[in-house]
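Got the viewer open? Let's take a walk through this model, one selection at a time.

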Amino acid sequence: MFSPRWRRAVVVALVAVLLFGVATVRLFILPATNAPAKVDAIVMLDGNMTHERRDRAIELARVGYAPVLVVSTPHGKKCPVNAVPTVRVICFDPEPVTTQGEARGTAELASRYGWKTILVVASRQQDTRARIRFERCYNDRVLVDVVTPRLRDWPYLIAYEWGALGKAMILQRGC
């Protein structure tokens, strides 16, 4: 019925789809996140889930995971200076306005203030890419804590992350 060539092509296509699915789950849906731990600074990334990230970062600061909360506030976004009265809040405008810019800005702040450990608050699908970006720019310990997007947003976010991860791995290999 089907030629051996056709069967091989179908098997190869099925294996490719399976590998793509496994990679998607491992990289974006169930990434290697860290449990929160005491750090020198909590870093909140900007982006499509800013409110969720901000709430999580403030919660972590309020509980006492760090004495400093660093917030990416591009385009003149409001800095939550009084979010946690017992925690110092530092806001910065990343250049460029990307995760790469946030990693660079955080590394500069860490160098200035002597931070040895940071906890980055990102979206679940962004964990892998954020970890790569921050580890390229910051030579000390990077932990990543995540907030989970709504189910309906996953298709777009996964497609976006594949492109952004490819860009980070192929086109922008440095800090």
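Start in the middle: select Val-70, Trp-115, Ile-118, Val-120 and Phe-134, which touch the most other members of the largest nonpolar core, a set of 22 residues. A nonpolar core here is a set of buried Ala, Val, Leu, Ile, Met, Phe, Trp, Tyr and Cys residues joined through side-chain atoms within 4.5 Å. Buried means under 20% relative accessible area, exposed over 50%, and partly exposed in between, using a 1.4 Å probe on protein chains only. Now colour the elements that give two or more residues to this core: strand 1 (41-44), strand 2 (68-72), strand 3 (88-92), helix 3 (99-113), strand 4 (117-123), helix 4 (127-137) and strand 5 (141-147). Helix 3 gives the largest share, four residues.

Before going on, a word on what you're looking at. This is a predicted model with residues numbered from 1 along each chain as its sequence is written, and local features need pLDDT of at least 70, while side-chain atom pairs count only at pLDDT 80 or more. Totals for chains, interfaces and linings use all residues, and side-chain values use heavy atoms, with hydrogens and water left out.

**Stop 1: around Ile-118**

Click on Ile-118 and show what surrounds it. Leaving out residues up to four places away in sequence, Ile-118 touches Val-39, Ala-41, Val-43, Thr-106, Phe-134, Tyr-138, Arg-141, Val-142 and Leu-143; contact means heavy atoms within 4.5 Å. There is also a second, separate core of 17 residues, and Met-44, Leu-60, Val-71 and Val-84 are among them.

**Stop 2: the whole chain**

Zoom out and switch to cartoon. You should find five helices and five strands, in the pattern α-β-α-β-β-α-β-α-β-α along the sequence. Helices (H or I, at least four residues) and strands (E, at least two) are DSSP runs, numbered from the N terminus. The C-alpha trace spans about 75 × 30 × 30 Å along its principal axes, and 45% of the 175 residues count as buried.

**Stop 3: the sheet**

Hide the helices for a moment. What is the order of the five strands in the open sheet? The order is 3-2-1-4-5, with parallel pairing; two strands pair if DSSP finds at least two bridges between them. Strand 3 and strand 5 are the edges, each pairing on one side only. Neighbouring strands are turned by 20° against each other on average, direction ignored.

Next, pick strand 1. Ala-41 and Val-43 lie on one side and Ile-42 and Met-44 on the other, and all four are buried, so both faces of this strand are covered. Strand 1 pairs with strand 4 in the parallel sense over four bridges, and Val-43 has Val-120 as its bridge partner there. With strand 2, strand 1 makes three bridges, again in the parallel sense; look for Ile-42 and its partner Leu-69. Bring helix 2 (residues 50-63) back: the chain passes through it from strand 1 to strand 2 in a right-handed β-α-β crossover. Right-handed means that, with the strands pointing away from the viewer, the path from the first strand over the helix to the second runs clockwise.

Slide over to strand 5. Seven bridges join it to strand 4, and the two run parallel. Try selecting Thr-117 with its bridge partner Arg-141, then Val-121, which stands opposite Asp-145. Is strand 5 enclosed or open? Six of its seven residues are buried, so strand 5 is largely enclosed by the rest of the structure. The chain reaches strand 5 from strand 4 through helix 4, and this β-α-β crossover is right-handed too.

**Stop 4: a buried arginine**

Select Arg-129, which is found in helix 4. Arg-129 is buried, with a relative accessible area of 7%. Beyond its neighbours within four places in sequence, Arg-129 is in contact with Thr-99, Tyr-160, Glu-161, Ala-164, Leu-165 and Ala-168.

**Stop 5: two crossing helices**

Finish with helix 1 (residues 4-29) and helix 5 (residues 154-171), which pack at an angle of about 90° with their axes 11 Å apart. Axes are lines fitted to C-alpha atoms, for helices over the stretch in contact, and angles run from 0 to 180 degrees between N-to-C directions. The two helices are therefore roughly perpendicular, a label for angles of 65 to 115 degrees. Show side chains where they meet: Phe-20, Ala-23, Thr-24, Leu-27, Phe-28 and Ile-29 from helix 1 against Trp-154, Ile-158, Glu-161, Trp-162 and Leu-165 from helix 5.

Definitions and conventions. Angles under 35 degrees count as roughly parallel, over 145 as roughly antiparallel, 65 to 115 as roughly perpendicular and the rest as oblique.
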